[in-house]
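Q: Please take a close look at a single part of this model, the nonpolar core, and then follow what surrounds it outward. I would like a connected account rather than a list.

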Amino acid sequence: GVTIFLATFFTGGSRWPPRTGPCATRCALPPNLPSMETDTEPAPVGGLAMDTSDAAAAPPPRLMIRKMVLENFKSYANAVEIGPFDKSMTSVIGPNGSGKSNVIDAMLFVFGFPARNMRQTSITDLIHKSEAFPDLQWAKVTVHFAMIIDQPDGGFVMVEGSEFHVQREVKRKPGAGKNGKDAAESIYRYNGKGSSWGEVRDKLSAYGIDLAHNRFLILQGEV
């Protein structure tokens, strides 16, 4: 089978604390910010000399996915924990039909993608169904994040108080749809609290995860 690779970290926009206020999504850089493409010493910014000590050169905190919990999602019945993920790269391997692609689909689901991106017609098709579990009425995916600081020895330390999780749940509502068909209810939660999709999108954007333009997920067939 094909190996699924997960880059379980976010670079560039990830930050701690997350951005808030009028610059939560994008801020203009000061016009006198020194170029990063020069060999000369950086010029002072705002009248203050820049700290070039080892402490200033320490890697900044960055966001990573710690683990995922899939409940009744596609081929995964009951609750299945996937993780902990590596701080840089995780590969999911297995034979054809073992559910590797469903790990990526779980991310697409919790990040608000429609069912067609997960090769399904309706979002209720994502609810697990098998001979052992023929009548499940809901599916849920939770993605756990944390800010970490890389260490010189290749390890990392977690930023205290930086852990959070995002969850999406779909519920089947039998007969509640048009012409008596089943309907679906989609519920988003941030740290266990009910949220709208827009609220989840904005909170993740504050950490540099741009769900609006999908600059962090590269799917099969897109390379």
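A: Strands are DSSP runs of E that hold at least two residues, helices are runs of H or I with at least four, and both are numbered from the N terminus. The model is a predicted one, and in it the protein chain has two helices and 10 strands. Read from the N terminus on, these elements follow the order β-β-β-β-β-α-β-β-β-β-β-α. Of the 223 residues of the protein chain, 36% count as buried, while about 13,300 Å² is exposed, with carbon and sulfur atoms supplying 52% of that area. Among the contacts with a separation of 6 or more, those between residues 24 or more positions apart account for 64%.

In soluble globular proteins, nonpolar side chains tend to be buried together. Here the largest nonpolar core has 41 residues, and the residues with the most contacts inside it are Met68, Phe111, Val141, Phe145 and Leu204. Two or more core residues come from each of the strands β3 (62-73), β4 (76-82), β6 (138-150), β8 (164-173) and β9 (183-190), and likewise from each of the helices α1 (100-110) and α2 (197-205). The element that gives the most is α1, with seven residues.

Met68 offers a way to trace this packing residue by residue. If its neighbours within four places in sequence are left aside, Met68 is in contact with Val80, Glu81, Ile82 and Phe85, with Val103, Ala106 and Met107, and with Val141, Thr142 and Val143. Three of these partners, Val103, Ala106 and Met107, are also among the buried residues of α1.

That helix deserves a longer look, since α1 is mostly covered, with 10 of its 11 residues buried. The buried set includes nonpolar residues such as Ile104, Leu108, Phe109 and Val110, but Lys100, Asn102 and Asp105 belong to it too. An α-helix has 3.6 residues a turn, so residues three or four places apart point the same way. After α1 comes Gly112, whose phi is positive, near 90 degrees.

The two charged residues of α1 just mentioned have different surroundings. Lys100, in helix α1, is buried yet has no salt bridge, and the nearest side chain of opposite charge, Asp105, is 11 Å away. What the side chain of Lys100 does reach is the backbone oxygen of Gly94, at 3.0 Å. Asp105, by contrast, forms a salt bridge with Lys74, in which the closest N and O atoms are 2.7 Å apart. This pair links distant parts of the chain, as Lys74 sits in the loop between β3 and β4 and Asp105 in helix α1, 31 residues apart. Both partners count as buried, because the relative accessibility of Lys74 is 12% and the relative accessible area of Asp105 is 2%, where the cut-off for buried is under 20%.

The count of salt bridges comes to seven. Another of them joins Lys87 and Asp150, with the closest N and O atoms 2.9 Å apart. Lys87 lies in the loop between β4 and β5 and Asp150 in strand β6, so this pair ties together parts that are 63 residues apart in sequence. Lys87 is buried at a relative accessible area of 15%, and Asp150 is buried at 18%. The same two residues belong, together with Arg62, to a network of salt bridges. In a further pair, the side chains of Arg201 and Asp202 meet at 3.3 Å, N to O; there Arg201 is partly exposed, with a relative accessible area of 32%, and Asp202 is partly exposed as well, at 43%.

Some backbone details remain around these elements. Most residues other than glycine have a negative phi, and most peptide bonds are trans. Asn78 has a positive phi of about 60 degrees although it is not a glycine; its place is in strand β4, and at 43% relative accessibility Asn78 counts as partly exposed. Arg119, also not a glycine, has a positive phi of about 65 degrees and is found in the loop between α1 and β6. Finally, Gly83 and Pro84 are joined by a cis peptide bond with an omega of about 0 degrees, and Pro84 lies in the loop between β4 and β5 (90-92), which is also where Lys87 lies.

Technical notes:
Residues are numbered from 1 along each chain as its sequence is written. This is a predicted model: local features need pLDDT of at least 70, side-chain atom pairs count only at pLDDT 80 or more; totals for chains, interfaces and linings use all residues. Side-chain values use heavy atoms; hydrogens and water are left out. A nonpolar core is a set of buried Ala, Val, Leu, Ile, Met, Phe, Trp, Tyr and Cys residues joined through side-chain atoms within 4.5 Å. Buried means under 20% relative accessible area, exposed over 50%, partly exposed in between (1.4 Å probe, protein chains only). Contact means heavy atoms within 4.5 Å. Accessible areas come from the Shrake-Rupley method with a 1.4 Å probe; for residues, only the protein chains shown count as cover. Lys and Arg count as positive and Asp and Glu as negative; His and the chain ends are not counted. A salt bridge is a side-chain nitrogen of Lys or Arg within 4 Å of a carboxyl oxygen of Asp or Glu. A polar contact is a pair of N or O atoms within 3.5 Å; within protein, one must be able to donate a hydrogen and the other to accept it, and residues adjacent in sequence count only if both atoms are side-chain atoms.
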